[in-house]
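Morning, everyone. Please have a look at the chain on the screen, and then I'll walk you through it.

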Amino acid sequence: MINRFQSAFDEIRAEESLKDMTKEYLKKEIQKRSTKKNHILFKRYSMMFASVVLFFLVGLSSYYFYFTPNAYIDFDVNPSVEIVLNRFEKVIDSYAYNTEGEMILQKADIQYKDYKKAIGMLVDMMVQDGYAQENELISVTLQSKDEKKENQILAAIESTVREHHHTVQLECYSIGGYVAHSAHQVNVSPAKYLAIQELMEVDPTATVESCRNHSIGEIRELTKEHGAHHAAVSETEESVVPEEETSSEEVTSSWNGHHGGHHH
């Protein structure tokens with residue numbers, strides 16, 4: 001561009017000083033416009049980069065927020081399964097404690113479903129596969145980070161289960177972190193872990209391994225049987241304990257000896 005200006009001014013008869021001043025002015029204007037253009041481009045690209053970073057950070061925080069566990073609901077009939085909820089009460093994960101549980105989870109597509117919808121699907125599948133029969137005992141435990149919503153979730157669990165299984169025997173309660181951790185250490189549901197602990201109190205030979213494949217109902221029946229047997233044995237042992245008999249001579253001797261010891 002400067003060369004073109006040079007050619008044009010060569011044809012104009014003017015003083016050299018005027019030519020030099022004009023060329024210098026044009027150079028500065030071209031440089032100024034070039035610098036301004038570069039500044040605009042830099043500002044535009046900076047804003048685009050900042051927008052991309054912001055979008056990435058918002059997406060990352062939303063992902064973390066959505067997939068952070070907020071509650072754990074464990075079902076035990078035998079199958080034994082656990083579903084994990086986020087703060088939006090959607091299922092973000094599930095776990096099977098045994099083979100039967102794995103089969104149920106493979107058939108029931110509960111991922112990202114509302115927890116009440118997921119519970120209904122699980123109960124329907126258990127009924128369909130013959131696990132939750134009439135008057136079957138279903139134990140459900142809840143471990144939640146939001147204690148204020150525990151009662152609300154427990155009530156929703158109970159109503160949903162009964163809606164899908166009218167004749168079910170249902171126990172539904174919340175648990176603490178210690179019980180959940182202890183149960184997971186031996187890979188059984190919290191409800192089954194507590195039932196086994198109750199059985200072990202009346203039957204010291206019972207173990208987690210010996211009860212792992214039993215349903216909650218079967219473990220409770222064993223507890224009742226051993227509890228009744230234990231009570232009967234204790235009652236029998238008490239009834240056969242002979243009472244100590246003391247002869248009148250021993251009483252008299254004891255009495256005289258006791259008082260005689262205080263005479264001086």
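Let me start with one definition. Helix axes that meet at 65 to 115 degrees count as roughly perpendicular. Keep that in mind for the first pair.

This is a predicted model. The chain has ten helices and five strands. It holds 264 residues, and 31% of them count as buried. Now take the contacts between residues at least 6 apart in sequence. Of these, 53% join residues at least 24 apart.

Now the helix pairs. Two packed helices are described by the angle between their axes and the distance between the axes.

First, α6 and α7. Helix α6 covers residues 177-185, and helix α7 covers residues 190-202. Their axes are 8 Å apart, at an angle of about 85 degrees. So α6 and α7 are roughly perpendicular to each other. Which residues meet there? From α6, we have Val 179, Ala 180, Ser 182 and Ala 183. From α7, we have Pro 190, Tyr 193 and Leu 194. By class, that contact has six nonpolar residues, one polar and no charged.

Next, α3 and α4. Helix α3 is residues 99-107. Its axis comes within 10 Å of the α4 axis, and the two cross at roughly 120 degrees. That angle makes α3 oblique to α4. The crossing of α3 past α4 is right-handed. On the α3 side, the contact uses Ile 104, Leu 105 and Lys 107. On the α4 side, it uses Leu 122, Met 125 and Met 126. The class count here is five nonpolar, no polar and one charged.

Stay on α4, and turn to its contact with α5. Helix α4 runs over residues 115-128, and helix α5 over residues 150-164. The axes come within 9 Å and cross at roughly 35 degrees. α4 passes α5 in a right-handed crossing. α4 brings Tyr 115, Lys 116, Ile 119, Gly 120, Val 123 and Asp 124. α5 brings Gln 152, Ile 153, Ala 156, Ile 157, Thr 160, Val 161 and His 164. Those residues split into seven nonpolar, four polar and two charged.

On to the cysteines. A disulfide is a covalent bond between the sulfur atoms of two cysteines. How many disulfides does a search of the whole structure find? Zero. Cys 211 is at 2% relative accessibility, so Cys 211 counts as buried. Cys 172 is at 23%, so Cys 172 counts as partly exposed.

Two single residues to finish. Thr 223 sits in helix α9, residues 216-239. Is Thr 223 buried or exposed? It is buried, because its relative accessible area is 16% and the cut-off is under 20%. Leaving out residues up to four places away in sequence, Thr 223 touches Ala 195, Glu 198, Leu 199 and Val 202. Asp 203 is 20 residues from Thr 223 in sequence, and the C-alpha to C-alpha distance is 7.7 Å.

Last one: Asn 70. Where is Asn 70? In the loop between α2, residues 16-66, and β1, residues 71-76. Asn 70 has 17% relative accessibility, so this loop residue counts as buried. What does Asn 70 touch, not counting residues up to four places away in sequence? Leu 85, Asn 86 and Arg 87 are among its contacts. So are Gln 143, Ser 144, Lys 145 and Asp 146.

That's my tour. Over to you.

Note on methods. Residues are numbered from 1 along each chain as its sequence is written. This is a predicted model: local features need pLDDT of at least 70, side-chain atom pairs count only at pLDDT 80 or more; totals for chains, interfaces and linings use all residues. Side-chain values use heavy atoms; hydrogens and water are left out. Axes are lines fitted to C-alpha atoms, for helices over the stretch in contact, and angles run from 0 to 180 degrees between N-to-C directions. Helices (H or I, at least four residues) and strands (E, at least two) are DSSP runs, numbered from the N terminus. A crossing is left-handed if the near helix is turned anticlockwise from the far one by less than a right angle, and right-handed if clockwise. Contact means heavy atoms within 4.5 Å. Ala, Val, Leu, Ile, Met, Phe, Trp, Tyr, Cys and Pro count as nonpolar, Asp, Glu, Lys and Arg as charged, and the others, Gly among them, as polar. Angles under 35 degrees count as roughly parallel, over 145 as roughly antiparallel, 65 to 115 as roughly perpendicular and the rest as oblique. A disulfide is a pair of cysteine sulfur atoms within 2.5 Å. Buried means under 20% relative accessible area, exposed over 50%, partly exposed in between (1.4 Å probe, protein chains only).
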